[in-house]
Amino acid sequence: MLEKGFLFTKAPLFLDIATVYFFILPFLLFFSIRYAIRGNYKKHINSQIAIFIISMVMITFFEIGMRMEGGFFALMKQSTFEYTPLFIFLLVHIIIATITIFSWIYLIYTSYVSYKKGELIAHHVKLARYTVGGICITSTMGIMIYLAIFVF
Ligand code: HEM
């Protein structure tokens, strides 16, 4: 897991896998949302649940790998970027990521429960759009941090 990855950078394998996954995540969401737009709700719901579970497994895998590497601060030493701006960027990333995860958990739980009762929470689409926005911003910032540490 900590051996060198496959992306031709200095990054460990678990970070390469997580980065590639978070790059494709917005596209997976896009395909799932397309099912809802086309009225294929069964596929929309099943794919949303699958994407959510895979993402939670990925985040856990990423966090375990990070602890084994000695934490973010140990990795940050490899970057040519200055400590303070990188640290602030990371902090903003963590705040957006945390809000997004709570909003995602709330969205998936309330949507599923209300759909099972034969209705759908009125604000599903609105909250879903914010959540998708948060996921896209978090993924992009995560990829930028990867680039800042292992590429530049
Ligand atoms: C498993 C729980 C979910 C259920 C039961 C569900 C169900 C639905 C249903 C029935 C619609 C159609 C609503 C309408 O046309 O008024 C819809 C639309 C939508 N859903 Fe979900 N959904 C779930 C999870 C999610 C999640 C987690 C996201 C985003 C991360 C999401 C994103 C969207 C979006 C963006 C639309 C709007 C599509 C459009 O513009 O027409 N959904 N969902």
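These legends go with a set of close-up views of one predicted protein model.

Because the model is predicted, local features need pLDDT of at least 70 and side-chain atom pairs count only at pLDDT 80 or more, while totals for chains, interfaces and linings use all residues. Residues are numbered from 1 along each chain as its sequence is written.

**View 1. The whole protein has 5 helices and 0 strands.** Helices (H or I, at least four residues) and strands (E, at least two) are DSSP runs, numbered from the N terminus. Going along the sequence, you meet the pattern α-α-α-α-α. The C-alpha atoms fill a box of roughly 55 × 30 × 25 Å, taken along the principal axes. Of the 152 residues, 16% are buried (20 or more other C-beta atoms within 10 Å of a residue's own; exposed is 12 or fewer, partly exposed is in between, and C-beta atoms are placed from the backbone).

**View 2. Here is helix α1, residues 13–37.** Its 25 residues, at 1.5 Å each, should span 36 Å, and its end C-alpha atoms are 37 Å apart, so the two values agree (the expected span is 1.5 Å times one less than the number of residues). Look for the bend of about 35 degrees at Ile24, with the proline Pro26 following within four residues; the bend is the angle between axes fitted to the seven residues ending there and the seven starting there. After α1 comes Gly39, with a positive phi near 85 degrees.

**View 3. Now for the buried residues of α1.** They are Phe14, Leu15, Ala18, Thr19, Phe22, Leu29 and Ser32. What covers them? Their cover includes α2 (41–68) and α5.

**View 4. Helix α4 (residues 83–116) packs with helix α5 (residues 124–150).** Their axes are 8 Å apart and make an angle of about 150 degrees (axes are lines fitted to C-alpha atoms, for helices over the stretch in contact, and angles run from 0 to 180 degrees between N-to-C directions). The residues of this contact divide into 16 nonpolar, 9 polar and no charged. Nonpolar means Ala, Val, Leu, Ile, Met, Phe, Trp, Tyr, Cys and Pro; charged means Asp, Glu, Lys and Arg; the others, Gly among them, are polar.

**View 5. Zoom in on Tyr115, found in helix α4.** Is Tyr115 buried or partly exposed? Tyr115 counts as partly exposed because it has 14 C-beta neighbours inside 10 Å. Leaving aside neighbours within four places in sequence, Tyr115 is in contact with Ile45 and Leu120 (C-beta atoms, placed from the backbone, within 7 Å). Tyr115 and Ile45 are 70 residues apart along the chain, yet their C-alpha atoms are separated by 9.6 Å.

Technical notes
Contact = placed C-beta atoms within 7 Å.
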